[in-house]
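Me: I would like a close look at a single part of this protein, taken slowly and with its surroundings included. Please start from one strand and work outwards.

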Amino acid sequence: MRRYPRNMQGYGGKPPAADWPGGARVAVQFVLNYEEGGENCVLHGDAASEAFLSEITGAQPWPGMRHWNMESIYEYGARAGFWRLHEMFTSRDIPVTIYGVATALARSPAQVTAMQEAGWEIASHGLKWVEHRDMPREEEAAQIAEAIRLHTEVTGEPPRGWYTGRCSVNTVDLVTETGAFDYVSDTYDDDLPYWREHAGRQQLIIPYTLDANDMRFAIAAGFTHGEEFYQYLKDAFDTLYAEGEAGSPKMMSIGLHCRLIGRPGRAAALARFLDYARGHDRVWFPTRLAIAQHWAERHPAPAAAERPSTMAKDAFVAKFGGVFEHSPWIAERAWESELGPAHDTAGGVHNALARVFRSASESERLGVLTAHPDLAGKLAAAKRLTPESTAEQAGAGLDALTDDERATFTRLNDAYVAKFGFPFIIAVRGLTKDDILAAFQRRIDNSRDEEFATACRQVERIALLRLRDMLPA
């Protein structure tokens, strides 16, 4: 059995109604990352200096040494950048979510007080602003616990949101396992919040952003001046606002750093965007916690449900073994394939089953075709059809034929089977008996190869319709 853990399905092109307060067309959410004093530094017990997201091109860690220039760049964020941004947001009455590194917050009591007096949310940005990629699971869990403890000690209350940033493959699971957070933001995979199940717990995910993010001032493939940043934010806002006008409101996350956007030449671009967004009506400027609370109220965590990709083989075959008529071997082989969250819908299971059917030998596919009953045939008359076939044929009125109509179907069935070696198959849902007779008469003139291919497509169509009765689309 192979299972693929990544979720490529999401809302599948059918996002839920965000229903933002006041009928807002877009929720614009600003995050200010407070990392200054929590970065890699030998003074903090780290093995080397910081080398990430600074003004220094091509920066490298200095093992065992302080990097005075790097330290002073980070210090600018705390000493000057933070206060410039604090004035910019408070003067416009726009709330901010702080992603606060716990050790950084502990070294900045004045800034923490200013955050709290402004009514900003202070979420956790981990214990230290360091790379977690290779950190053992147990060590990362311990650091998460210490981040919560220190954050609570410094701010007076535990964090309710989490974002590590430089995370590991274990981060979201570990944070979920604490059961302590209203939301986690260590993903970049959607424009709306969603629920993620782990270890029997539903965790709300509020995706973050690396594109509408001033970090791109500090990387080679990023923004070089403020106007680029402003234009990118404006384009993103305009697109999302238009989607909201069309009835599909989304969320716009904007990521900021005190030492980056806090520089005067960049801050001006941010100020222009703030005023541009504020100039539109029906725009909601929430904290991430406000988004989490709104989403949990409007779209509560789903009840636990057995998902196809997590079913035991016997349960999977019992549920889906009859989707392809009397052919449980298709479900058996599909279960052995690479299933994942994208297969937990009608379309997903259908794709897995259809792939098995399409790759089967011709004789195996012929066996599936011959397993189908004649339309309005002897099995129907004897009430020996499967429940699915009975309902499908009845829906098309094939259980209420006149004697002449039944004789016509019998004649066509006999001629069709004599010519092709398998019964006439058509997905009857939505068709009338006249539609079916017309298709019967048209297809009987096909070549054997043409009709074999047509019958196989109809078998797949029947399977899809059956699955849509069983699973969400």
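Reply: The model shown here is predicted, and a good place to begin is the pairing of strand β2, residues 26–34, with strand β3, which run parallel and are joined by 4 bridges. Within this pairing, Val31 has Thr97 of β3 as its bridge partner. Strand β3 also pairs with strand β4, residues 121–124, again in the parallel sense and over 4 bridges, and here Tyr99 is matched with Ala123 of β4. Strand β3 itself covers residues 97–100, with Thr97 and Tyr99 pointing one way and Ile98 and Gly100 pointing the other, and all of them are buried.

From the strands one can move to the packing around them. The largest nonpolar core has 50 residues, and of these Phe30 and Phe273 touch the most other members. Two or more residues of this core come from each of β2, α1 (68–91), α2 (102–106), α3 (109–117), α6 (226–245), β9 (250–257) and α7 (264–278). When neighbours within four places in sequence are left aside, Phe30 is in contact with Phe89, Ile94, Val96, Thr97, Ile254, Leu256, Leu270, Phe273, Leu274 and Phe285, a list that includes Thr97, the bridge partner of Val31. Apart from this core lies another, of 46 residues, which includes Ala346, Phe357, Phe420 and Ala427. As background, nonpolar side chains in soluble globular proteins tend to be buried together.

Helix α1, one of the contributors to the largest core, deserves a careful look of its own. Its 24 residues reach 34 Å from the first C-alpha to the last, which is close to the 34 Å expected at 1.5 Å a residue, and yet α1 has a kink of about 45°, centred on Gly81. Just after α1, Asp93 takes a positive phi of about 55°.

On the other side of the helix in sequence, the loop between β2 and α1 holds Gln60. The relative accessible area of Gln60 is 53%, and Gln60 therefore counts as exposed, since the cut-off for that term is over 50%. Gln60 lies 7.7 Å from Glu50, C-alpha to C-alpha, with the two 10 residues apart in sequence. Its contacts, again leaving aside neighbours within four places in sequence, are with Ser49, Ala51 and His67. Exposed Gln60 can thus be set beside the residues of β3, which are buried.

Conventions
Residues are numbered from 1 along each chain as its sequence is written. This is a predicted model: local features need pLDDT of at least 70, side-chain atom pairs count only at pLDDT 80 or more; totals for chains, interfaces and linings use all residues. Side-chain values use heavy atoms; hydrogens and water are left out. Buried means under 20% relative accessible area, exposed over 50%, partly exposed in between (1.4 Å probe, protein chains only). Two strands pair if DSSP finds at least two bridges between them. A nonpolar core is a set of buried Ala, Val, Leu, Ile, Met, Phe, Trp, Tyr and Cys residues joined through side-chain atoms within 4.5 Å. Contact means heavy atoms within 4.5 Å. The expected span of a helix is 1.5 Å times one less than its number of residues. The bend at a residue is the angle between axes fitted to the seven residues ending there and the seven starting there.
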